[in-house]
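Please open the model in your viewer and keep a selection tool at hand. The tour below proceeds by selections, each followed by a description of what is found there.

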Amino acid sequence: MSRLVAIVGRPNVGKSTLFNRLTQTRSAIVDDTAGTTRDRQYGKVDWQGQEFSIVDTGGWVVNSDDIFEEEINKQVEIAIQEADVILFVVDASTGVTDLDDKVAAILRRSKKPVILVANKDDKGDARFNVPEFYSLGLGDPVSISSASGSGTGDLLDIVVADMPEPKEDDVPEDDIAKFAIVGRPNAGKSSLINAFLGEERHIVTDIAGTTRDSIYHRYNKFGFDFYLVDTAGIRKKQKVDEDIEYYSVIRSIRAIEASDVCILMIDATRGIEAQDGNIFSLIQRNKKGLVVCVNKWDLIEDRSLETQKRYEAAIRAKFAPFTDFPILFTSALTKERIYKVLETATAVYENRRRIIPTSQLNTYMLEQIAITPPPSNKGKFVKIKYVTMLKDSVIPTFVFFCNLPQWVKEPYRRFLENKIREKWDFHGTPIQIFMRDK
């Protein structure tokens with residue numbers, strides 16, 4: 001089971017700066033204006049060999065003039081509910097505020113592991129304000145500066161130590177493929193699983209977000225044997241009032257991380273939307289295999305080959321530069337080509353596990369490199385002498401040994417990847433390429 005950390009706190013305490021620092025990106029917009037973060041950001045953190053997902057949330061506010069206040073607060077509550085560990089960020093330069101007290105009260109009720117993070121401790125006499133935060137009743141505050149990075153290593157040590165271990169019952173057998181059905185709300189994910197299983201295993205309605213929890217289904221029919229993972233399941237609630245789009249993504253994170261291949265559902269009647277791109281980015285960041293399934297194809301009037309080609313071109317353009325993945329046009333309702341989806345996902349899973357013998361790899365790749373060598377840089381020439389494929393890597397990983405690995409830039413890495421894909425079938429799975437000093 002995947003692990004999720006949520007960053008929460010009132011506005012302008014440095015949550016997005018901390019997110020950028022921990023993910024080593026500049027994904028979250030950072031500004032001194034309170035309320036800058038409204039759309040949620042998702043990222044990956046790798047610390048001491050342990051990976052986990054992290055989500056940045058908007059600042060918790062009450063009685064403000066911001067028309068998004070209710071929506072932001074609602075999504076913060078969802079993040080708190082779904083997270084395994086919560087980073088409660090406060091501003092050491094201002095001390096405890098009424099809003100800090102309100103957020104602390106919510107966190108105490110959540111019964112989740114909470115790490116109190118006193119940010120901006122490098123501002124003036126801010127460090128002398130840190131003891132005030134003991135009054136929040138959430139344990140020892142961890143002093144950091146997300147802007148400079150001081151203290152963030154100690155914070156990550158605590159995060160990893162507090163991370164709960166996955167329950168054995170939640171983790172299917174490792175040697176059986178796991179296919180996650182992902183996509184934006186109402187794209188037909190549960191209908192597809194029902195069609196696969198041949199029974200109404202899931203509640204299916206026209207209400208986006210009917211499905212909530214991730215559920216594993218063992219499928220061992222017609223020569224197949226794998227787990228189907230619906231990115232949401234059934235959770236009974238008296239009133240459904242969450243932001244469904246946000247809930248869908250935050251739950252999808254877990255299913256994507258726990259899968260081998262993701263079947264990305266796109267609604268043919270609505271085309272490609274920004275949320276499809278967000279989910280594709282999650283799949284890419286987690287280095288999972290991909291099958292794109294354009295569902296509800298039976299509702300399209302013009303289903304000619306020319307129309308399919310236009311759809312394919314639009315999807316590949318949206319998801320570039322990774323374009324080597326299968327695209328299928330299906331209907332979960334009429335069961336049109338749904339078993340082709342299973343065959344294709346199985347093929348992608350096998351491609352993901354493919355091992356190329358070192359002798360074959362060197363014979364072909366060194367010849368291609370001799371024809372098109374790496375470009376020179378400042379009069380220095382890169383000489384690639386040897387290539388091998390790592391046997392125990394999660395995805396196909398190739399290591400090229402050369403004299404000047406630092407001079408091999410991204411365009412040439414893409415060239416090497418394209419040559420590998422031309423020779424061997426890695427359709428649907430990402431490839432990693434590393435340059436090492438020989």
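How many of the seven residues of strand 3 (residues 50-56) are buried? Select that strand in this predicted model, and you will find that five of the seven are buried, so that the strand counts as mostly covered, with buried meaning under 20% relative accessible area.

Keep strand 3 selected and add strand 1 (residues 4-8), which runs parallel to strand 3 and is joined to it by four bridges. Within this pairing, alanine 6 has valine 55 of strand 3 as its bridge partner. Now add strand 2 (residues 41-47), which is antiparallel to strand 3 and joined to it by seven bridges; here aspartate 46 is the residue that stands opposite glutamate 51 of strand 3. Strand 2 and strand 3 together form a hairpin with two residues between them, and if you pick glutamine 48 in the turn, its phi is positive, at about 55°.

Next, select helix 1 (residues 15-23) and pick threonine 23, which belongs to this helix. Is threonine 23 buried or exposed? Its relative accessibility of 10% places threonine 23 among the buried residues, because the cut-off for that class is under 20%. A polar atom of the threonine 23 side chain lies 2.8 Å from the backbone oxygen of phenylalanine 19. Leaving aside residues up to four places away in sequence, threonine 23 touches Gly43, Lys44, Val45 and Ile54.

With helix 1 still displayed, add helix 4 (residues 152-162), whose axis comes within 11 Å of that of helix 1 and crosses it at roughly 80°. That angle makes the two helices, helix 1 and helix 4, roughly perpendicular. To view where they meet, show Leu18, Arg21 and Leu22 of helix 1 together with Thr152, Leu155 and Leu156 of helix 4.

Move on to the loop between strand 11 (289-295) and helix 8 (305-319), and pick isoleucine 300, which lies there. Isoleucine 300 is buried, at a relative accessible area of 16%. Its contacts, not counting residues up to four places away in sequence, are with Ala268, Thr269 and Tyr311. Of these, threonine 269 is 31 residues from isoleucine 300 in sequence, while the C-alpha atoms of the pair are 6.8 Å apart in space.

The last local stop is an open sheet of three strands in the order 13-14-15, with mixed pairing. Strand 13 (384-389) and strand 15 (432-437) stand at its edges, each with a single partner strand, so one side of each has no neighbour in the sheet. From one strand to the next, the twist averages 25°. Strand 13 pairs with strand 14 (residues 397-402) in the antiparallel sense over five bridges, and valine 387 has phenylalanine 400 of strand 14 as its bridge partner. Add helix 10 (residues 358-371), which packs on this sheet by touching strand 13 and strand 14, its direction making about 140° with that of strand 13. Then add helix 11 (residues 410-423), which also packs on the sheet, touching strand 13, strand 14 and strand 15, with its direction at about 120° to that of strand 15.

Finally, display the whole protein chain, which has 11 helices and 15 strands. Of its 438 residues, 53% are buried, and its accessible surface comes to about 20,600 Å², with 48% belonging to carbon and sulfur atoms.

Methods: Residues numbered from 1 in each chain as written. Predicted model: local features only at pLDDT ≥ 70, side-chain atom pairs only at ≥ 80, totals over all residues. Heavy atoms only, no water. Buried < 20%, exposed > 50% of the residue type's maximum accessible area, 1.4 Å probe, protein only. Areas by Shrake-Rupley, 256 points an atom, 1.4 Å probe, with all protein chains shown as cover. Contact = heavy atoms within 4.5 Å. Polar contact = N/O pair within 3.5 Å; in protein donor to acceptor, adjacent residues only side chain to side chain. Pairing = 2+ DSSP bridges. Axes fitted to C-alpha atoms, helices over the stretch in contact; angles between N-to-C directions. Parallel < 35°, antiparallel > 145°, perpendicular 65-115°, else oblique.
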